[in-house]
Amino acid sequence: MTQTIKWIELAICLLLFGAIPEGTMAADLQTAGGTADAAAVLLQADSDFDRAVAAGGVEAWVAYFAEDGIMFRTGEVVRGHAAIREMMAPAFATPGFSLRWKPVHADIGASGDLGYTYGTYENSS
């Protein structure tokens, strides 16, 4: 099933917490020539995240978060690698589980330090 969603959690992960392995995206954003270039960097980072998770499962998912990164779950905030792994591991361990997404748009704030993507995703198990 494919649905359009806003990837607000992902944007928080990618931009606010410095994810995308060890500052790579932050450096790319600093050298981007404007919001259009920064949006392209964000779209690429989101696509890279998708491919990494498809290949590496829960460990790849966790690796894209800063050590103190957070995820939101209904009614709670899950903080840090260990807690994120604990929350996501059961889904990734489910036989046939797959979570893939394709960002179709990125938007960057005028200050250049906050952005988000949205697109489609497919989840199966």
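A nonpolar core is taken here as a set of buried Ala, Val, Leu, Ile, Met, Phe, Trp, Tyr and Cys residues joined through side-chain atoms within 4.5 Å. The model analysed is a predicted one. In this model the largest nonpolar core comprises 18 residues, of which V53, W61, M71, I84, M88, F92 and W101 touch the most other members. Two or more residues are contributed to this core by each of the elements α3, α4 and β4. The greatest contribution is that of α3, with six residues. A second core, separate from the largest, has five residues, among them A38, A39, A106 and I108.

Helix α4 covers residues 81–93. For these 13 residues, a rise of 1.5 Å a residue predicts a span of 18 Å, and the end C-alpha atoms lie 17 Å apart, so the two values agree. The helix nevertheless bends by about 35° at M87, and a proline, P90, follows within four residues. The buried residues of α4 include H81, I84, M87, M88 and F92. An α-helix has 3.6 residues a turn, so residues three or four places apart point the same way. Of the buried positions in α4, I84, M88 and F92 are also listed among the core residues that touch the most other members. Outside its sequence neighbours up to four places away, M88 touches V58, W61 and M71.

Eight aromatic pairs are found in a search of the whole structure. In one of them, F49 and Y64 are stacked, with a centre-to-centre distance of 4.6 Å and 25° between the planes. This pair links distant parts of the chain, as F49 belongs to helix α3 (residues 35–63) and Y64 to the loop between α3 and β2 (70–73), 15 residues apart. Both F49 and Y64 are buried.

F49 also pairs with W101: the ring centres are 5.1 Å apart and the planes meet at 70°, which makes the pair edge-to-face because angles over 60 degrees are classed in this way. F49 lies in helix α3 and W101 in strand β4 (residues 98–108), so the contact ties together parts that are 52 residues apart in sequence. The relative accessible area of F49 is 1%, and that of W101 is 4%. Both values fall under the 20% cut-off, so the two residues count as buried.

Ring pairs link F49 and W101 with W61, Y64, F65, F92 and F97 into a cluster. Of these aromatic residues, W61, F92 and W101 also appear among the core members with the most contacts to other members.

Terms used. Residues are numbered from 1 along each chain as its sequence is written. This is a predicted model: local features need pLDDT of at least 70, side-chain atom pairs count only at pLDDT 80 or more; totals for chains, interfaces and linings use all residues. Side-chain values use heavy atoms; hydrogens and water are left out. The expected span of a helix is 1.5 Å times one less than its number of residues. The bend at a residue is the angle between axes fitted to the seven residues ending there and the seven starting there. Buried means under 20% relative accessible area, exposed over 50%, partly exposed in between (1.4 Å probe, protein chains only). Rings of Phe, Tyr and Trp (its six-membered ring) pair if their centres lie within 6.5 Å; planes under 30 degrees apart count as stacked, over 60 as edge-to-face and the rest as tilted. Contact means heavy atoms within 4.5 Å.
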